[in-house]
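Subject: A structure for you to explore

Hi there,

Here is the structure I promised to pass on to you. Have a look at it first, and then read my notes below.

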Amino acid sequence: MTTTLTPSPTPVTRTSPPEGFVMPDFGDRPVASGAVSGAPTGTPGTDPAGAGQAAYAGPRKMAFICSKGNLDMAYPALIMGNAALSEGVEVHIFFTFWGLDIVNKKTMKDLKFTMLGNTAMHMPELAKLRPGWEHKSLPQGKGGLPGMTSVATKMMKKQMDDLDIPDVPDFLDLLQAAGAHMYACRLTFDMMKVIEADLHPGVEGVISASDFIEIAEGAQIVFV
Amino acid sequence: MPTNTINGHTFEVDGEGFFTVRSQWSEDLAHELAPLIGVELDEEHLAPLRFMRADAGEDRNTPTLRRMQTVGGFEVRDLYRLSPGKPAKKMAWLAGLPKPVGCV
């Protein structure tokens, strides 16, 4: 499986800025020493893989592992992955276990948010009833009442929509368009009896854990 | 605040180099800036920049890529092709707008 990025348009000659000109670092100017910005340069002559230094020297790469299928656990990797792409970072996302629901067309629209087990659940709207209540954690028992998960899910979807955050299927389209590499976990795929036709078209393949480890070489890994 | 001068155009920028005064931008200036990041500014590049200027106006946030898709009707794929690497930041800079702050 290749991991090449979308080819850039025909290169145009780049001119140098005038003396004293301050311009943002878009990360694509040739760096004199080949050093990664922000990272201290190694002492010449030392083992490149030694003493806390990674051997990988390519462009910045991030790998996300999505292992949860709750609505609130789907968003972190989608949002950070998208942000990484718009910063020119190569992005790989591996959907495993319950996380496979995020890319399964049969389930991706209906991911749910439950307040059960989430003690940070509070509602900004309660401030209208009494100032200060917006910081109060809702009693866990309430989360078990019939219909509470559906109410909490609706509320969260509305809050995301108000901020113009796309829903999960749209988000996957966005990531695909931005060039993210997405994979489904082979073991989960077999275990959950998923069929390939049900996977979002942005998913490049159903791969094993070891395939993903190979692909993730040199990447900063984020496990969700 | 640093002040940049290029071919007779003068504009103020923040510490990173993003515009701080929107009215100091013009399309002529954008044509001067584009070669610095290896972009040849044609109509296809200018369309999103014009949308961004109109959408941001005098005091609103620089539109995010998502907003350029939903409100501006641009394809995200095209925006990445036109400004590879850091599309949102490159376009904000070319359009003379502040550094984008949105998450999506």
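How much accessible surface does chain B have, and what share of it belongs to carbon and sulfur atoms? The total comes to about 4,600 Å², and carbon and sulfur atoms account for 46% of that. Please keep in mind that this is a predicted model.

Let me stay with chain B for a moment. Its 5 helices and 2 strands follow the order β-β-α-α-α-α-α along the sequence. Of its 104 residues, 51% count as buried. If you take the contacts in chain B with a separation of 6 or more, 46% of them join residues 24 or more positions apart.

Next, the nonpolar cores. The largest has 81 residues, and those with the most contacts inside it include A:Phe95, A:Leu172, B:Leu33 and B:Trp93. To get a feel for it, try clicking on A:Leu172: leaving out residues up to four places away in sequence, A:Leu172 touches A:Leu78, A:Phe95, A:Ile102, A:Val103, A:Met108, A:Met182 and A:His200. Apart from this core lies another one, of 10 residues, with A:Ala63, A:Ile65, A:Phe94 and A:Ile215 among them.

A:Phe212 is a good residue to visit now. You will find A:Phe212 in helix H6 of chain A, which covers residues 209-215. Is A:Phe212 buried or exposed? Its relative accessibility is 2%, so A:Phe212 counts as buried. Not counting residues up to four places away in sequence, its contacts include A:Ala63, A:Ile65 and A:Phe94, which are also among the residues of the 10-residue core. A:Phe212 touches A:Tyr183 as well; those two are 29 residues apart in sequence, and their C-alpha atoms are 8.3 Å apart in space.

Finally, here is my favourite puzzle. A:Lys61 sits in strand S1 of chain A, residues 61-66. A:Lys61 is buried yet has no salt bridge. How far away is the nearest side chain of opposite charge? That side chain is A:Glu90, at 4.4 Å. What does the side chain of A:Lys61 reach, then? One partner is the backbone oxygen of A:Ile215, at 2.8 Å, and another is the backbone oxygen of A:Glu217, at 2.9 Å. With residues up to four places away in sequence left out, A:Lys61 also touches several others, including A:Tyr56, A:Val89, A:His92 and A:Gln220.

Enjoy exploring, and write back with any questions!

Best wishes

Conventions. Residues are numbered from 1 along each chain as its sequence is written. Chains are lettered from A and ligands numbered from 1 in the order in which they are written. This is a predicted model: local features need pLDDT of at least 70, side-chain atom pairs count only at pLDDT 80 or more; totals for chains, interfaces and linings use all residues. Side-chain values use heavy atoms; hydrogens and water are left out. A nonpolar core is a set of buried Ala, Val, Leu, Ile, Met, Phe, Trp, Tyr and Cys residues joined through side-chain atoms within 4.5 Å. Buried means under 20% relative accessible area, exposed over 50%, partly exposed in between (1.4 Å probe, protein chains only). Contact means heavy atoms within 4.5 Å. Helices (H or I, at least four residues) and strands (E, at least two) are DSSP runs, numbered from the N terminus. Lys and Arg count as positive and Asp and Glu as negative; His and the chain ends are not counted. A salt bridge is a side-chain nitrogen of Lys or Arg within 4 Å of a carboxyl oxygen of Asp or Glu. A polar contact is a pair of N or O atoms within 3.5 Å; within protein, one must be able to donate a hydrogen and the other to accept it, and residues adjacent in sequence count only if both atoms are side-chain atoms. Accessible areas come from the Shrake-Rupley method with a 1.4 Å probe; for residues, only the protein chains shown count as cover.
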